[in-house]
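Biologist: Could we go through this model together, term by term? I would like to hear the reasoning behind each label.

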Amino acid sequence: MSEYWFNKAKVDDLLRINGPLGTFWLRDTANIDLFFLATGTGIAPVKSMLESIAHLPVEKKPSSVTVLWGGRQPGDFYLDVSNIVPGYNYIPVQSRAHKNWAGETGYVQHVMLNLVSDWKNAFVYACGSDAMIHSARKILTEAGLPAKQFYSDAFVCSASN
């Protein structure tokens, strides 16, 4: 698409654009334990969902909200997620340990395994790399998360090889 916009598009070209057709949107959140797993720019839709939770009436709010955002190094955490909505648990996770990093290390899906005691009430929204999505779905469902309680949006490269 970039090739068209930068090299071929002309004034008065006719364009037909369809809106988003995805399935990655926040469902009913009342009284559930909500977990967001994000890597890289996968935090963008999570940010939007967190902002919408802030406007829910009390009876529709989740029991708990935990956000795990993964990056390779400290500079990858370009957004202050902790200030989006008060009252939830934010855990930055660094996949490559740096000497001054005191937080969680590894991968977001592995860190989540240590946080959940009741898989029946856990709902996961995962957004980021395709590898993270597939790994998270596999290990979390094997640990007891019902498959229908895992929602995802994988970011895949569209560049030709």
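**Reading the sheet and its pocket**

Modeller: Gladly! Let's start with one residue pair: Ala126 has Ser152 in strand 6 as its bridge partner. Keep in mind that this is a predicted model.

Biologist: What makes strand 5 and strand 6 a pair?

Modeller: Pairing asks for at least two bridges from DSSP. Six bridges join strand 5 (residues 122-129) to strand 6 (residues 150-155), so the definition of a pair is met. The two strands run parallel.

Biologist: Why is the crossover from strand 5 to strand 6 called right-handed?

Modeller: The chain leaves strand 5, passes through helix 4 (residues 130-143) and reaches strand 6. With the strands pointing away from the viewer, a clockwise path over the helix is called right-handed, and this β-α-β crossover is right-handed.

Biologist: Which strands stand at the edges of the sheet, and why?

Modeller: The open sheet has six strands in the order 4-3-2-1-5-6, with parallel pairing. Strand 4 (104-105) and strand 6 each have a single partner strand, so one side of each has no neighbour in the sheet. Further in, six bridges join strand 2 to strand 3 (residues 89-94), again running parallel, and Gly71 stands opposite Gln94 of strand 3.

Biologist: How do you know that helix 2 packs on the sheet?

Modeller: Contact means heavy atoms within 4.5 Å. Helix 2 (residues 43-54) touches strand 1 (33-39), strand 2 and strand 5, so contact with the sheet is established. The direction of helix 2 makes about 155 degrees with that of strand 1. Helix 4 lies across strand 1, strand 5 and strand 6, and runs at about 155 degrees to strand 5.

Biologist: What lines the largest pocket, and which residues lie nearest its centre?

Modeller: Its lining has 21 residues, and Thr39, Gly40, Gly70, Arg72 and Ser129 lie nearest the centre. The space in this pocket is about 470 Å³. Strand 2 (64-71), helix 3 (108-113), strand 5 and helix 4 each supply at least two lining residues, with the largest share, three residues, coming from helix 4.

Biologist: How does the lining of the largest pocket divide into nonpolar, polar and charged?

Modeller: There are six nonpolar, 12 polar and three charged residues. Gly counts as polar and Arg as charged, so Gly40 and Gly70, which lie nearest the centre, go with the polar residues and Arg72 with the charged ones.

Biologist: And how many helices and strands does the chain have?

Modeller: Four helices and six strands, and from the N terminus the elements run α-β-α-β-β-β-α-β-α-β.

Definitions and conventions
Residues numbered from 1 in each chain as written. Predicted model: local features only at pLDDT ≥ 70, side-chain atom pairs only at ≥ 80, totals over all residues. Heavy atoms only, no water. 1 Å grid on protein atoms, 1.4 Å probe; cavity = no way out; pocket = protein on both sides within 12 Å on 5 of 7 lines; lining within 4 Å. Points joined across faces, edges and corners; volume = space filled by probe spheres on them. Axes fitted to C-alpha atoms, helices over the stretch in contact; angles between N-to-C directions.
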